[in-house]
Amino acid sequence: MAERFVVLPRGINVGKGNRVPMAQLRSVLADVGYTDVATVLQSGNVIVTSPTDSPREVALAMERLLSKEFDVNVRCMVRTAEQVRAVLKHDPLREVVTNPSRYLVNFLSDEPQPGLVTEILAEDHSPEAIAIEGAEAYVWSPDGVARMTLSYGLLEKRLGVAATARNWNTVHKIAAKL
């Protein structure tokens, strides 16, 4: 049965590196058999329907495709459409967030080890706030993303997983196209 997936590449079209034209990416994806291909914004957010029901298979296929077709070597986090909707519904920091552009969801490559999660959650990150549930880390950064300490790089290092972040507004835009 065909499954709808959201592919979230890490670091596409951010700054001068890892440039991938979205129209060309949509075309290449359709050529290799994905259907209902859509992109959201210019940062590589991709929505596809795939004959496989495995997010891991889609992630690996997308990583290979980006490398082969665009000479871009990045990790891709993949979620089903239902998982993305669940992220929005869950919203564990809703009580503290006042600006959705400063509220990030870090999509992790795997669920981190519980002990590592416990360590980060036990620390005081004020004025930032964090919730880690499953393979998502929600971060509220009231002083803005440029000044945040709970970056996806720090989370990768501390949790031993790959991560890519999208702000709350972007996650809503992705969900609206599902």
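This report describes the fold, the sheet and helix packing, and selected residue contacts of a predicted model.

**Overall architecture**

The protein chain contains 6 helices and 8 strands. In sequence order these elements follow the pattern β-α-β-β-α-β-α-β-α-β-β-α-β-α. The C-alpha trace spans about 50 × 35 × 30 Å along its principal axes. A compact globule of 178 residues would have a radius of gyration near 16 Å, and the protein chain, with 16 Å, agrees with that value. Of the 178 residues, 49% count as buried. Among contacts between residues at least 6 apart in sequence, 71% join residues at least 24 apart.

**Strand β4 and its pairing with β1**

Strand β4 comprises residues 76-80, and 5 of its 5 residues are buried, so the strand is largely enclosed by the rest of the structure. Both of its faces are covered: C76, V78 and T80 are buried on one side, M77 and R79 on the other. Strand β1 (residues 3-9) runs antiparallel to β4 and is joined to it by 5 bridges. Within this pairing, L8 has M77 of β4 as its bridge partner.

**The four-stranded sheet**

Strands β6, β7, β5 and β8 form an open sheet, in the order β6-β7-β5-β8, with antiparallel pairing. The edge positions belong to β6 (129-133) and β8 (163-167); each has a single partner strand, so one side of each is left without a neighbour in the sheet. From one strand to the next, the twist averages 20°. Strands β5 (residues 103-108) and β7 (residues 136-140) run antiparallel and are joined by 5 bridges. In this pair, N106 stands opposite A137 of β7.

**Helices α6 and α5**

Helix α6 (residues 168-176) packs on the sheet and touches β5, β7 and β8. The direction of α6 makes about 90° with that of β8. Buried in this helix are W168, T170, V171, I174 and A175. These residues cover an arc of only 160° around the axis, which puts them on the same side of α6. An α-helix has 3.6 residues a turn, so residues three or four places apart point the same way. At the N-terminal end, α6 is capped by N167, a side-chain oxygen of which lies 2.9 Å from the backbone nitrogen of N169.

Helix α5 (residues 152-159) has L155, E156 and L159 as buried residues. Viewed down the axis of α5, they fall within an arc of 100°, so they line one face of the helix. The elements covering them include β5, α4 (114-122), β6, β7 and β8. After α5 comes G160, which has a positive phi near 70°.

**Two buried glutamates**

E136 is found in strand β7. Its relative accessible area is 12%, and E136 is therefore buried, the cut-off being under 20%. Leaving aside residues up to four places away in sequence, E136 touches R79, V87, V105, N106, F107, L108 and A131. With one of these, R79, a polar contact is made between the two side chains at 2.5 Å. R79 is itself among the buried residues of β4.

E128 lies in the loop between α4 and β6. At a relative accessibility of 10%, E128 also counts as buried. With residues up to four places away in sequence set aside, E128 touches W140, S141, P142, R147, M148, T149 and L150. The side chain of E128 reaches the backbone nitrogen of T149 at 2.7 Å, and one of its polar atoms lies 3.0 Å from the backbone nitrogen of L150. E128 and N106 are 22 residues apart in sequence, with their C-alpha atoms 14 Å apart in space.

The polar side-chain distances described above are collected here.

| Side chain | Partner group | Distance |
|---|---|---|
| E136 | R79 side chain | 2.5 Å |
| E128 | T149 backbone nitrogen | 2.7 Å |
| N167 | N169 backbone nitrogen | 2.9 Å |
| E128 | L150 backbone nitrogen | 3.0 Å |

Methods: Residues numbered from 1 in each chain as written. Predicted model: local features only at pLDDT ≥ 70, side-chain atom pairs only at ≥ 80, totals over all residues. Heavy atoms only, no water. Pairing = 2+ DSSP bridges. Axes fitted to C-alpha atoms, helices over the stretch in contact; angles between N-to-C directions. Contact = heavy atoms within 4.5 Å. Buried < 20%, exposed > 50% of the residue type's maximum accessible area, 1.4 Å probe, protein only. Arc of directions from axis to C-beta. Polar contact = N/O pair within 3.5 Å; in protein donor to acceptor, adjacent residues only side chain to side chain. Rg over C-alpha atoms; globule rule 2.2 N^0.38 Å.
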